[in-house]
Amino acid sequence: MKETIRISVCCTCHNRREKTIKCIESLFNQKGIDDRKFELNVFLCDDGSTDNTVIDIRKKFPKVNIINGNGNLFWARGMEKAFSEAKQHETDFYLMVNDDVEFYYDMLENVYAAYQSAKSKFDKVAVVGSIKDPVTGEWSYGGKKWKLGLCRDVKTTVYPQEPYAECKLANWNCFFMPVSLANEVGNIEKIYEHAMADYDYSIRILKCGGHIVTSGKYVGTCSRNDIKGTWQDVSLPLRERYKLLHKRIARPVKSYKHYCKVAYG
């Protein structure tokens with residue numbers, strides 16, 4: 001009889017109850033859960049939601065471990081709290097997810113298959129699940145590479161292919177790694193307030209001799225974040241875009257300075 005593969009899922013949320021519930025439902029509906037091939041232990045940091053997210057999750061998923069935030073953590077620090085709690089429990093793998101992803105029923109089998117295939121070649125490996133837009137069917141999140149010959153901040157998409165495709169950077173909409181690699185790389189850097197922590201972690205994996213690969217095929221759906229009204233919105237005046245650039249949900253100075261040091265030296 002094969003041993004059950006234990007997976008600790010780390011996630012953070014804030015005031016999008018319906019999406020969070022759909023995401024968790026899609027996790028517990030995974031193929032391989034009922035026959036004990038996979039066992040999930042979910043660690044959810046709720047960052048001060050006021051829309052009854054916690055109440056409804058406790059009713060519907062009483063086994064989910066809820067870590068309370070103060071409403072001021074945002075994504076990176078919320079994930080750091082969830083990851084820190086997960087590290088207190090025995091597991092075989094960590095699965096980092098965004099709560100706006102709805103996973104296909106065979107997501108776990110797909111990321112695990114990519115891991116097993118890549119592990120035959122690489123000693124240290126993590127898998128990023130490729131996500132597509134639910135309406136257009138186009139790639140939305142997953143793995144990327146730096147575009148050769150240009151500034152390292154220019155990136156190209158790595159699309160899923162069987163059994164896997166190598167990449168350098170990973171979005172944490174769906175990110176799967178063994179506990180041994182996570183222990184070597186360490187936790188999420190607390191200097192990050194919201195964004196960039198997942199790319200930082202990718203670079204740290206590469207620096208310790210690890211590799212990152214994509215899943216063989218798409219594992220779920222999630223729309224890209226709307227850039228309207230953000231620093232990336234070219235219809236806004238430059239002065240306004242500059243102000244928006246330094247908001248906590250964009251590229252605050254301390255976070256971005258640290259990221260540049262890690263990524264570009």
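**Close-up 1. Helices H1 and H2 side by side in this predicted model.** Helix H1 covers residues 17-28 and helix H2 covers residues 53-60; their axes sit 10 Å apart and the packing angle is about 25°. An angle like that makes H1 roughly parallel to H2, since anything under 35 degrees gets that label. The crossing of H1 past H2 is right-handed. On the H1 side, look for Arg-17, Thr-20, Ile-21, Ile-24 and Glu-25; on the H2 side, the partners are Thr-53, Asp-56, Ile-57 and Lys-60. Sorted by class, that contact holds four charged, three nonpolar and two polar residues.

**Close-up 2. Asn-52, in the loop before H2.** Here the loop between strand S2 (38-46) and H2 carries Asn-52. Its backbone is worth a look: phi is positive, about 70°, even though Asn-52 is not a glycine. Is Asn-52 buried, partly exposed or exposed? With 45% relative accessibility, Asn-52 counts as partly exposed, because that class lies between the 20% and 50% limits.

**Close-up 3. The largest nonpolar core, and a second one.** The largest core has 42 residues. Which of them touch the most other members? That would be Ile-7, Leu-95, Phe-103, Met-107 and Phe-176. Helix H4 (residues 107-119) is the top contributor to this core, with seven residues. There is also a second, separate core of 39 residues, with Trp-75, Phe-83, Ala-165 and Leu-169 among its members. As background, nonpolar side chains in soluble globular proteins tend to be buried together.

**Close-up 4. Phe-103 and the residues around it.** Zoom in on Phe-103, one of the core residues that touch the most other members. Skipping neighbours within four places in sequence, Phe-103 is in contact with Cys-23, Ser-26, Leu-27 and Gln-30, and also with Val-97 and Ile-131. Rounding off its contact list are Asn-173, Cys-174, Val-219 and Gly-220.

**Close-up 5. Tyr-94 in strand S4.** Tyr-94 sits in S4, which spans residues 93-97. Its relative accessibility is 2%, so Tyr-94 counts as buried. Not counting residues up to four places away in sequence, Tyr-94 touches Ser-8, Cys-10, Phe-83, Ala-86 and Lys-87, plus Phe-175, Phe-176, Met-177, Val-179 and Ala-182. Two names there turn up in the core views: Phe-176 in the largest core and Phe-83 in the second. For a chain-distance check, try Pro-178: its C-alpha is 6.2 Å from that of Tyr-94, although the two are 84 residues apart along the chain.

**Close-up 6. Asp-100 and Thr-221 in contact.** Asp-100 belongs to the loop between S4 and strand S5 (102-103), while Thr-221 lies in strand S13 (residues 211-221). Both count as buried: Asp-100 has 15% relative accessibility and Thr-221 has 16%. Leaving out residues up to four places away in sequence, Asp-100 touches Arg-16, Lys-19, Asn-173, Thr-221 and Cys-222. With that sequence filter, Thr-221 touches Asp-100, Val-101, Glu-102 and Tyr-104, along with Ile-131, Lys-132 and Pro-134.

**Close-up 7. The cis peptide bond at Pro-163.** The bond from Glu-162 to Pro-163 is cis, and omega is near -5°. Where does Pro-163 sit? It is found in the loop between strand S9 (155-158) and strand S10 (166-167).

**Close-up 8. Helix H6 and both of its ends.** H6 runs over residues 197-207, and nine of its eleven residues are buried, so the rest of the structure largely encloses it. The buried residues are Ala-197, Asp-198, Tyr-199, Asp-200, Tyr-201, Ser-202, Ile-203, Arg-204 and Ile-205. Met-196 is in the loop between helix H5 (179-185) and H6. Phi of Met-196 is near 80°, a positive value in a residue other than glycine, and Met-196 is buried at 11% relative accessible area. After H6 comes Gly-209, with a positive phi near 90°.

**Close-up 9. H6 packed against helix H8.** H8 covers residues 253-264; its axis is 10 Å from that of H6, and the two pack at about 30°. That makes H6 roughly parallel to H8. H6 passes H8 in a left-handed crossing, whereas H1 passes H2 in a right-handed one. The contact pairs up Tyr-199, Asp-200, Ile-203 and Lys-207 of H6 with His-258, Tyr-259, Val-262 and Ala-263 of H8. By class, that gives five nonpolar, two charged and one polar residue.

Terms used:
Residues numbered from 1 in each chain as written. Heavy atoms only, no water. Axes fitted to C-alpha atoms, helices over the stretch in contact; angles between N-to-C directions. Helix = DSSP H or I, 4+ residues; strand = E, 2+ residues; numbered from the N terminus. Parallel < 35°, antiparallel > 145°, perpendicular 65-115°, else oblique. Left-handed = near helix turned anticlockwise from the far one by under 90°. Contact = heavy atoms within 4.5 Å. Nonpolar A, V, L, I, M, F, W, Y, C, P; charged D, E, K, R; others polar. Core = buried A, V, L, I, M, F, W, Y, C linked by side-chain atoms within 4.5 Å. Buried < 20%, exposed > 50% of the residue type's maximum accessible area, 1.4 Å probe, protein only.
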